[in-house]
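Open the structure in your viewer and keep the selection tool at hand. The tour goes from one selection to the next and says what is there at each stop.

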Amino acid sequence: MLHRTLQGLVVSKSLMACVDNEMTLIWGSSHFSANACLAPICSLHHVAVTTVEGIGSTKSRLHPVQERIAKSHGSQCGFCTPGIVMSMYTLLRNQPEPTIEEIEDAFQGNLCRCTGYRPILQGFRTFARVSLICSLSQQITLSPSLFNPEEFTPLDPTQEPIFPPELLRLKDTPQKQLRFEGERVTWIQASTLQELLDLKAQDPEAKLVVGNTEIGESGAGLQPARGQSAWATPRWLCVLRKLAFPPLALVPIGRSRNLSLVLQGEYFSAFKQASRREDDIAKVTSGMRVLFNPGTAQVKELALCYGGMHDRTVSALKTTRKQISNFWNEELLQNVCAGLAEELSLAPDAPGGMVEFRRTLTLSFFFKFYLTVLQKLGIQNSKDCGKLDPTHASATLLFQKDPPANVQLFQEVPKGQCEEDMVGRPLPHLAAAMQASGEAVYCDDIPRYENELSLRLVTSTRAHAKIKSIDTSEAQKVPGFVCFISADDVPGSNITGIVWLGSQVTCIGHIIGAVVTDTREHAQRAAQAVRITYEDLPAIITIEDAIAKDSFYEPELKIEKGNLTKGFSEADNIVSGELYIGGQEHFYLETHCTIAVPKGEAGEMELFVSTQNTTKTQSFVANMLGVPANRILVRVKRMGGGFGGKETRSTVVSTAVALAAYKTGRPVRCMLDRDEDMLITGGRHPFLARYKVLVVGSYVRAEGECHLTGKPGALFHMDNCYNIPNIRGTGRMCKTNLPSNTAFRGFGGPQGMFIAEHWMSEVAVTCGLPAEEVRRKNMYKEGDLTHFNQKLEGFTLSRCWEECLASSQYHARKREVDKFNEENCWKKRGLSVLPTKFGISFTVPFLNQAGALVHVYTDGSVLLTHGGTEMGQGLHTKMVQVASRTLKIPTSKIYISETSTNTVPNTSPTAASVSTDLNGQAVYEACQTILKRLEPFKKKNPSGSWEDWVTAAYLDAVSLSATGFYKTPNLGYSFETNSGNPFHYFSYGVACSEVEIDCLTGDHKNLRTDIVMDVGSSLNPAIDIGQVEGAFVQGLGLFTLEELHYSPEGSLHTRGPSTYKIPAFGSIPSEFRVSLLRDCPNKKAIYASKAVGEPPLFLAASIFFAIKDAIHAARAGNPDCKTKKLFQLNSPATPEKIRNACVDQFTRLV
């Protein structure tokens, strides 16, 4: 593995792929991008390596690639940025004038969790070849208001580094065997094929390394050889050098490759269906071949081979042999499908699950093959050959890559606003250039201390058990072992969860202890060597289990309004049912990380932590060590993403690391691997809702019991935007033996709103009315009271709704969708428009406070500190803009270094979308104090400069340091009386989305999304639009893609990017249009702005309900299947669920 000494090589270990630390490999005249944490360093012999630091820096000159991603607002948290930069750089080295499609294809191995991808693609499309089509496209996609492409430095290929001559000279030298001997690994690079075969014969258990990153970390698949201990590593073989580089990987078959003619009358096609279209492993693949007798449609040979239906590729021999001499017609189709259904059966508990889906795909793939061959045969009016129904033709087509069309609209600043006043302007993220050049420092980038140690957690492998013994004897034999820490070592409170010997573990991943060694690698080996014996206890794994066993954490919470009895008596229709919403992994690209440095006196300790909550970290560590909080200093420079996942769960790592530092008296570091992080830290709460909705006409007049088995905070959002006079909702938190879940962007709100939209969808179908009409009729109006009796003021939702309907051309496109569905049997489109209303505030009142500290130095520079942390959301950038306007000085004079507990104490977590509101007002108050102190000097010297006034104040011994404080007024809600205000105000938005589904495979394509979002008077339109798009794409993952799978024993199967799929570059809508509502100042927040981090996420549910609309069309258009109008579709709407919902003759066979 490349050990990082440069910050741009950011290590983010995972089970399959790293997406944030790419480098460019130059081999001769070719360039390849590779992941630094996956490419074994042995494989780089005779290869020139270029990292992001090698192409440009803020200290000298940014490379055009770095400059464009920074200035086009394509870097938020920045952790993925170096990898994306190097992917683009590699493409430009190979193709200086790429096409737009080549640019998009270059990022199929990269992931980003913050931006929503649009700004990255939009910035890099400026490198594309100019053509008439591109020129027209750029008129749509490149907004000069967000960035000006004319300001970009042009790309000059002649200025790039050349391949090192000393390496170039080696190409003519004879090849020799290359051997690297490590502590536990031998790497051999053969020079000839015969040599390779001989080595393989000598050691048959050795692995052949050809870039196979799926087997394990480092790209080499560290699997123990037969007869070796679990910690030994086999001898490795590297293939012939010209085969080894470029690193080879299996190229995934497209969703269905176009048929190719091999011999006369011979046809071949291949198919694949995966969870995600880009960079994913197939659930089922297939290769199919048919050979006809010359000039006929009579089958001479037929081969149908499938992957994903067994532990090896299987051929449907029994089925295909029966079809020899049969004609390619409807009878053959029916016979083959019946045969495949019988021959390719799967047990209900087959590995990989998805049994019905996988079996159906085998039939669907053959049907696609059958149709494609019919098209190619082109035999007309023959009784021996089937006829192609025109409405079936689209089933053979791949989803097309449409030219991108992105629009971002926002209100320009008022005419006459000072050029130095950056409020309301699209100022790039202040750290974007450093993030693009690899100079930005994250927690694990801090250089190692001279005597630093590494920690690795030891966690439970049982969901519920009593610990009988812990044996560390084997771990102590690992080189560099220092100690094992356990609850016995805790000098203070053990509330953070390291269990006592003899006590119970309550989930797989429950922290039992930790090993401390000299290196990270040794810590990993030592942790795996710890042996724990358990006494198993009964475990509760699912929500249904918890309900059945009455296993809950807290008393039932309830919100009730109106007269349910009256509502039942008036009902024309009753709609009832159950809805499940799956959980979601945060998948921040920087996993949890802590460095603890003991200071050696009075219990002082300094911690560098990737956390959203410095105060809670300080408090937990202080309590655990038994020292006052004033001895613990917590510092946060920036995070590589957070999304709520680092609000509280970071403490389980930081307390363990602090304990190790306390015990050893030496600095200790721990950064979780991706699989550890996903296993231990929890994510978004899954929900189970049981509901009964009562309908009068098209109005939702009453809703019965809605049992939300998840976060009770969702009760505040179970109405979404609808005025339901009679409503009752109850919520309970299930107590299961899975890792505890935590805050995640929206914190229960999206789940509650999703249930409300599900009601509206069901009511619309039941009443036979358009869904948008039902939503509009039931929508709140200005001055209405919510179900928790808070008055809606400044209600802009109706404006958002009308503007979105108009800008999306909803009604015209609805007609086009209906026409498409009439003309296509196996491809269907759906269209959905829905609103969101999101309450802004911590619902715990005391958390709605913030502090700030402003230092003005004698040279006029300002050091600003506030209580919020930077995780990519642009908080520091906005705070500098606020301070700049308040002090009336340029942003260049203001700097934010970090967030720390010794500058602003007792901070609330950076969460709930309120950090700009709270900290911005605190910064404003602190700056106002400074201005008041400077006022006398401004009056004495009105024509002076900022520096003159500051100097005069200093010489007059006036303090140039000030604190600011703010708390949100009039907050507090009582569940007992259903009164009070849980929120300070509400954010509103509307989205309209169109999708196309493949009814045969369950695949779907997001065609277009239009969003209108009320963010008040935007402090920074570029950041706010980035938050809208990023939240939407994260919600797209929640509702259509991301799925957590657990074993019956409670073990998480989806522990990395190989099994857990977040949206990729190709997942976003082809047309992505975002408009910020104009002329809607919010008098309740700093400079009339509004919160933006969480509210837009739910709008991605428009994708889900558009998919559901398309499934309705598929079911309605299938006269052979008697289907109910109402059908179950749980979230997320994965290909499996979409395909299974599109019932047809193929699903009936399985």
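**First stop: a helix on a sheet**

Select helix α13 (residues 520–529), which lies across β14 (453–459), β16, β18 (511–517) and β25 (668–671) and runs at about 25° to β14. Helices (H or I, at least four residues) and strands (E, at least two) are DSSP runs, numbered from the N terminus. Angles run from 0 to 180 degrees between N-to-C directions, and the axes are lines fitted to C-alpha atoms, for helices over the stretch in contact. Contact means heavy atoms within 4.5 Å.

Before going on, note that this is a predicted model, where local features need pLDDT of at least 70 and side-chain atom pairs count only at pLDDT 80 or more, while totals for chains, interfaces and linings use all residues. Residues are numbered from 1 along each chain as its sequence is written, and side-chain values use heavy atoms, with hydrogens and water left out.

Now add the strands under the helix. They belong to an open sheet of 8 strands, in the order β16-β18-β14-β25-β22-β23-β24-β34, and the pairing is mixed. Two strands pair if DSSP finds at least two bridges between them. Strands of a sheet pair through backbone hydrogen bonds, either parallel or antiparallel. Which strands are at the edges? They are β16 (481–485) and β34 (899–900), each of which pairs on one side only.

Select β24 (residues 632–636) together with β34: the two pair in the antiparallel sense over 2 bridges. Within this pair, V636 stands opposite T899 in β34. Then select helix α16 (residues 614–625), which packs on the sheet and touches β23 (605–609), β24 and β34. The direction of α16 makes about 150° with that of β24.

**Second stop: the other sheet**

Next, select the open sheet of 5 strands with the order β13-β40-β39-β38-β30, again with mixed pairing. Its edge strands, β13 (405–409) and β30 (827–840), each pair on one side only. From one strand to the next, the twist averages 10°.

Narrow the selection to β39 (residues 1004–1013) and β40 (residues 1071–1076), which pair in the parallel sense over 6 bridges. For V1012, the bridge partner in β40 is S1075. Two helices can be added here. Helix α27 (residues 1101–1116) packs on the sheet, touching β30, β38 and β39, and its direction makes about 150° with that of β30. Helix α26 (residues 1021–1040) lies across β13, β38 (985–998), β39 and β40, at about 130° to β40.

Stay on α26 and pick T1040, which lies in that helix. Is T1040 buried or exposed? It is buried, with a relative accessible area of 3%. Buried means under 20% relative accessible area, exposed over 50%, and partly exposed in between (1.4 Å probe, protein chains only). Leaving aside neighbours within four places in sequence, the contacts of T1040 include H1004, I1103, F1104 and I1107. T1040 and A1100 are 60 residues apart in sequence and 9.0 Å apart in space, C-alpha to C-alpha.

**Third stop: four cysteines**

Select C77, C80, C112 and C114, which the UniProt annotation "binding site" (unreviewed entry) covers. UniProt positions are given in the numbering used here, feature names are shortened, and annotations may be inferred rather than shown by experiment. The four span 38 residues in sequence, yet no two of their C-alpha atoms are more than 9.4 Å apart, so they gather at one spot.

C112 is in the loop between α3 (100–105) and α4 (118–124), and is buried at 5% relative accessible area. Beyond neighbours within four places in sequence, C112 is in contact with residues including C80, L589 and I1062. C114 is also in the loop between α3 and α4, and counts as buried at 5% relative accessibility. Among the residues that C114 touches, not counting those up to four places away in sequence, are C77, F643 and G1026.

**Last stop: the nonpolar cores**

Select F124, Y306, W328 and F366: of the 231 residues in the largest nonpolar core, these touch the most other members. A nonpolar core is a set of buried Ala, Val, Leu, Ile, Met, Phe, Trp, Tyr and Cys residues joined through side-chain atoms within 4.5 Å. Helix α11 (residues 355–377) gives the most to this core, with 13 residues. A second, separate core of 34 residues includes L453, L455, V621 and V634.
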